[in-house]
Amino acid sequence: NDDAGVVGWNAYHERVQICSHPIMPTKRMINVDTGETQLEIAYRRGGRWRYQTVPRTMLATASQIVGLAAWGVGVDSENAKALVRYFTELEGLNYTRLPEINSTGRLGWVGDDLFAPYVADLQYDGDPSGAALFRGVEQAGSPSVWLEYFGKARARNVVTKIVLAASFASCMVKPCRTLPFIVHTWGGTEAGKSVALMAAISVWGIPTADGGLFHTFNTTDVGVEVLASVSNSIPVFIDELQIAKDRKSFDEFIYKFAEGVGRTRGAKAGGLQQMKRWANIAITTGEMPISTANSGGGAVNRVVEIDCKGQQLFENPREAVGIMSENYGHAGRYFVSLLQNNIELARDLQEDCLAQLRRTDVTDKQALSASLLLAADHLAAMWMFGDEDRLTVDEILPFLSTREQVDINARALDWLYGWVAENVNSFTSHGDYDSGKVYGRMDGDKIMIIRQTLNDAMTNAGYNVHAFLVWAREKGLLDCPAGRLDKTVRLRDGSPARCVVIKSLAEDPPEADFDPNLTDDLPM
């Protein structure tokens, strides 16, 4: 193995060329999560040495080693077997001489006490698309300058305080045994949401768009999984919600991220790929809420939504960007170093905050998420900012959903009353009713809606009709025979129709406008 390339001898003791240029293994890496081995290889082409890290299995199989050609290695189907034999023998002869280091394909907790990348001699060996994110976690500038500036910014308004708390809280998800969730800030274009997101990024590393940590919603499902799994314990930072393809994708993103585990996929060689996992917080921004009126209760439950209400989050956004662009990454590293020795303190604090929140009307999942934010802000104030201006239960409560707000069926009922009000002429003997657009009729405090019409309207609005009707029957809102969700009634022209009969909660229900001699219930 010299500048002339790699040579060897065949079975006839003849000198043969194995590779046209020098190539050799230089380092062995053992993944701390999977135990899989990768080798760093060095090869000289074009007058300089190049380095590439590849799975050990790639160098052990002739059909796979030809993949090195993508990086400029002189290998093809003719010399593949000889090159495999060369790597096998060379590694065997120098096994104890090759430096062996630990590696990982993600950031965050390694075991119970180490945190990547703040571990000596721990290298990244994961998906190439995640390498930029791994490199983005670094430190620059002065920690005191960052702390002084953003300590004042966090005290200026509760939104900035919550966003920064979420950034610190992400590394507490695993040790505090809580669940992944999303903190979403939304509002007008001049609120400074993106600057607040950059401030949250600067807790951990490079806050600029080219720093590897800053992302947008213009991504695929697989991209979200890679991003979440490589981030693992530090937050996922996503800006500009409004560029997502459609509103449906928001709920899908919420559910997938909050599960903390990716999809099960088959491996090319058979069996299953290792599932991607994460335990962190996503901090997102947009000009609109991430959940909608017809979002599932599970989606609403997993998001802390913050309406900026048109307020300016920073007095001088340009100054804030300038400060964080030169001073970043120190706060996260320092917070982790203290958390590693104070896990029980963090857990106790989070449990105390959770107990306070459970005395309110917020849901358990919302209380769990908010308790982590409260605990993280308390620890950040105590360990770094050195002030008593800490996030309180009263400050965060307006941004949390109550049990009634999370109940999608209660929201469906509100939608239904609004829909009836919009189409009231189709329930009376006036207007559209006479022109043939009939949705049902009204009888005092009861609204009778043709079942198929209701099915179509609620489905188009994104609600599950059957689940809603079962809920409404349990709440005593339906007038229907035992075991059914609808009944046969006569419309104003006397024709029978299968209708859902739901009680109106209006203070002044519409007056009856039909023949009282018509019978509601007809024989089946």
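This is a short walk through the fold of one protein chain, from overall counts to individual strands, helices and residues.

What you have in front of you is a predicted model. The protein has 524 residues, and buried residues make up 50% of them. Its secondary structure comes to 19 helices and 18 strands. If you take contacts between residues at least 6 apart in sequence, 67% of them join residues at least 24 apart.

I'll start at the N-terminal end, with strand β1, residues 6-9. Regular strands have side chains that alternate between the two faces of the sheet. In β1, Val-6 and Gly-8 point to one face and are buried, while Val-7 and Trp-9 point to the other face and are not buried. The partner of β1 is strand β2, residues 15-19, and the two pair in the antiparallel sense over four bridges. Together they form a hairpin with five residues between the strands. In that turn, His-13 has a positive phi of about 65°.

Val-16 lies in β2, and Gly-8 stands opposite Val-16. Is Val-16 buried or exposed? Neither: its relative accessible area is 33%, which lies between the 20% limit for buried and the 50% limit for exposed, so Val-16 is partly exposed. Setting aside residues up to four places away in sequence, Val-16 touches Val-6, Val-7, Gly-8, Trp-9 and Asn-10. Val-6 is ten residues from Val-16 in sequence, and their C-alpha atoms are 8.8 Å apart.

Next, one residue in strand β3, which spans residues 23-31: Asn-31. Its relative accessibility is 10%, and the limit for buried is 20%, so Asn-31 counts as buried. Beyond its neighbours within four places in sequence, Asn-31 is in contact with Glu-36, Ser-103, Thr-104, Gly-105 and Asp-125.

Now the parallel sheet. This is an open sheet of five strands, in the order β11-β12-β13-β10-β14, and the pairing is parallel. Which strands stand at the edges? They are β11, residues 214-216, and β14; each has a single partner strand, so one side of each has no neighbour in the sheet. From one strand to the next, the twist averages 25°.

Within this sheet, β10, residues 181-186, pairs with two strands that I'll take in turn. With strand β13, residues 281-286, β10 pairs over six bridges in the parallel sense, and His-184 stands opposite Thr-284. With β14, residues 303-307, β10 runs parallel and is joined by five bridges. There, the bridge partner of Trp-186 is Asp-307. Although β14 is an edge strand, four of its five residues are buried.

Two helices on this sheet are worth pointing out. Helix α6, residues 193-202, packs on the sheet and touches β10, β11, β12 and β13; its direction makes about 160° with that of β12. Helix α13 lies across β10, β13 and β14, running at about 75° to β10.

Helix α13, residues 364-385, also meets helix α12, residues 343-357. Their axes come within 8 Å and cross at roughly 130°. That angle makes α12 oblique to α13, and the crossing is right-handed. The contact set from α12 includes Leu-345, Leu-349, Cys-353 and Leu-357, and the set from α13 includes Leu-368, Leu-372, His-378 and Trp-383. Cys-353 has 9% relative accessibility, so this residue counts as buried.

The other sheet I want to show is antiparallel: four strands in an open sheet, ordered β15-β16-β18-β17. The edge strands here are β15, residues 440-443, and β17, residues 487-490, each pairing on one side only. The twist averages 40° from one strand to the next. Helix α16, residues 408-422, packs on this sheet, touching β15, β16 and β18, and its direction makes about 85° with that of β16. Helix α18, residues 451-460, lies across β16 and β18, also running at about 85° to β16.

At one edge, β17 and β18 run antiparallel and are joined by four bridges. Arg-490 has Pro-496 in β18 as its bridge partner. Cys-499 is at 0% relative accessibility, so it counts as buried.

That leaves one item on the cysteines. How many disulfides are there in the whole structure? The search finds zero.

Definitions and conventions: Residues numbered from 1 in each chain as written. Predicted model: local features only at pLDDT ≥ 70, side-chain atom pairs only at ≥ 80, totals over all residues. Heavy atoms only, no water. Disulfide = S-S within 2.5 Å. Buried < 20%, exposed > 50% of the residue type's maximum accessible area, 1.4 Å probe, protein only. Pairing = 2+ DSSP bridges. Axes fitted to C-alpha atoms, helices over the stretch in contact; angles between N-to-C directions. Contact = heavy atoms within 4.5 Å. Parallel < 35°, antiparallel > 145°, perpendicular 65-115°, else oblique. Left-handed = near helix turned anticlockwise from the far one by under 90°.
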